[in-house]
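Before reading on, take a moment to turn the structure around and follow the chain from one end to the other. The paragraphs below then go from the whole protein to some of its parts.

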Amino acid sequence: MTPPPDRVFTDGPLAGLEAWAVAIPMGLRYRRLTERRAVLLRGPAGWGEFSPFEEYGDQVAARWLASALESALDPLPPPVRDRIPVNVTVPPVPAPQAAALVRDSGCETAKVKVAESGQDFSDDLSRVAAVREALGEEGSLRVDVNGAWEVDEAEERLRHLEEFDLQYAEQPCATLSELAELRRRTGVPIAADESIRSGASPEQIASSGAADILVMKVQPMGGVRRMLEWASRTGLAVVPSSALETSVGLAAGLAAAASLPELPYACGLATSSLLAGDVVRRPLAPDGGEIHLRRPEPAPELLERWRPPGDVASFMIDRTERSAALLRYL
């Protein structure tokens, strides 16, 4: 039996929706998080997830809520494929653990986090080298910098990393102008992630010369349809990826990946293993480097298991309502 919701909304854009707050510990450290908090919304079209990171203000979080509302209220677009190739995500762990994660994943593509605060570039090199060895020569390897490098630094470090045959470098610098300058200096393809959410239009992204590839995440983009519209307007290759969601949020990312006309790169949607648990009995996880398209529903006992303390749940629900009040400004 499903536990009582933390809130049943009665007015505004959330009217009629039920909400459950959950807080799941991280199984592997990523983004310096100790747990992943989410508000799960149930509506006539199914379940949606609202899980903006704690440091984001309500105006930014409102776009994440728009995505959750789309999933709960509207049918998802029809798919053109039912299997989504995915990469294994390698956190900033020691090289032996990184290699083991890749081997155990069954994936042929790996994304390696580099430039972690408190670590040296030598740590990055050893981790990337271990992942390349675990993948073999035929596997695809990409690095994620999260905008941590200046242009000169990025040029030098990518020169060292090039020997590992990088598929691309994700957000090596913080801004579009920096990415464009770096792209003129390096032969490593550049993918933009955080820059996409900086307020630029799709046309500005495409015309800036800053990126060869776009990494897009459904929640930060404001929903599956908005992400698909952006992709069509930029004309660049898109890599749908997760924002460390539960399987409820990952299902929306899979729906976007399944609906793209072309999917030339493995997607960053195999992140359920970074959490210590999930809200569904059978999490969305790769099998032979792919995730089969499906939309699992939360299990009652898991909604109960991951329910946070009352004050935390109230904070999360209140944030949902504040974000809802800002939806009209998007």
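Accessible areas are obtained with the Shrake-Rupley method, which uses a 1.4 Å probe. For the protein shown here, which is a predicted model, the accessible surface comes to about 13,700 Å², and 48% of that surface belongs to carbon and sulfur atoms. Of the 330 residues in the protein, 55% are buried, where buried stands for a relative accessible area under 20%.

The chain forms eleven helices and 13 strands. Its radius of gyration is 19 Å, close to the 20 Å that the globule rule gives for 330 residues, so the protein is as compact as a globular protein of that length. Along the principal axes, the C-alpha atoms fill a box of roughly 55 × 40 × 40 Å. If one takes the contacts between residues at least 6 apart in sequence, 66% of them join residues at least 24 apart.

We can now turn to a sheet. Strands of a sheet pair through backbone hydrogen bonds, and the pairing is either parallel or antiparallel. One open sheet here has four strands in the order β1-β2-β3-β4, and its pairing is antiparallel. Strands β1 (7–8) and β4 (46–50) stand at the edges with a single partner strand each, so one side of each is left without a neighbour in the sheet. Strand β2 (residues 18–25) pairs with strand β3 (residues 35–43) over eight bridges, and Ala 19 has Leu 41 in β3 as its bridge partner.

Next comes a helix. Helix α3, which covers residues 121–135, has 15 residues and reaches 21 Å from its first C-alpha to its last, close to the 21 Å expected at 1.5 Å a residue. Its buried residues include Phe 121, Val 128, Val 131 and Leu 135, and also Asp 124 and Arg 127. Which elements do the buried residues of α3 pack against? They pack against β5 (83–90), α2 (95–105), β6 (109–113), β7 (140–144) and α4 (151–161). After α3 comes Gly 136, whose phi is positive, near 85°.

The last topic is the aromatic rings, of which six pairs are counted. In one of them, Tyr 168 and Tyr 265 meet edge-to-face, with 5.9 Å from centre to centre and 85° between the planes. This pair links distant parts of the chain, since Tyr 168 lies in strand β8 (residues 166–170) and Tyr 265 in the loop between α9 (247–259) and β12 (267–270), 97 residues apart. Tyr 168 counts as buried because its relative accessibility is 1%. Elsewhere, ring pairs link Phe 53, Tyr 56 and Trp 64 into a cluster.

Key:
Residues are numbered from 1 along each chain as its sequence is written. This is a predicted model: local features need pLDDT of at least 70, side-chain atom pairs count only at pLDDT 80 or more; totals for chains, interfaces and linings use all residues. Side-chain values use heavy atoms; hydrogens and water are left out. Helices (H or I, at least four residues) and strands (E, at least two) are DSSP runs, numbered from the N terminus. The expected span of a helix is 1.5 Å times one less than its number of residues. Buried means under 20% relative accessible area, exposed over 50%, partly exposed in between (1.4 Å probe, protein chains only). Contact means heavy atoms within 4.5 Å. Rings of Phe, Tyr and Trp (its six-membered ring) pair if their centres lie within 6.5 Å; planes under 30 degrees apart count as stacked, over 60 as edge-to-face and the rest as tilted. The radius of gyration is taken over C-alpha atoms; the globule rule is 2.2 Å times the number of residues to the power 0.38. Two strands pair if DSSP finds at least two bridges between them.
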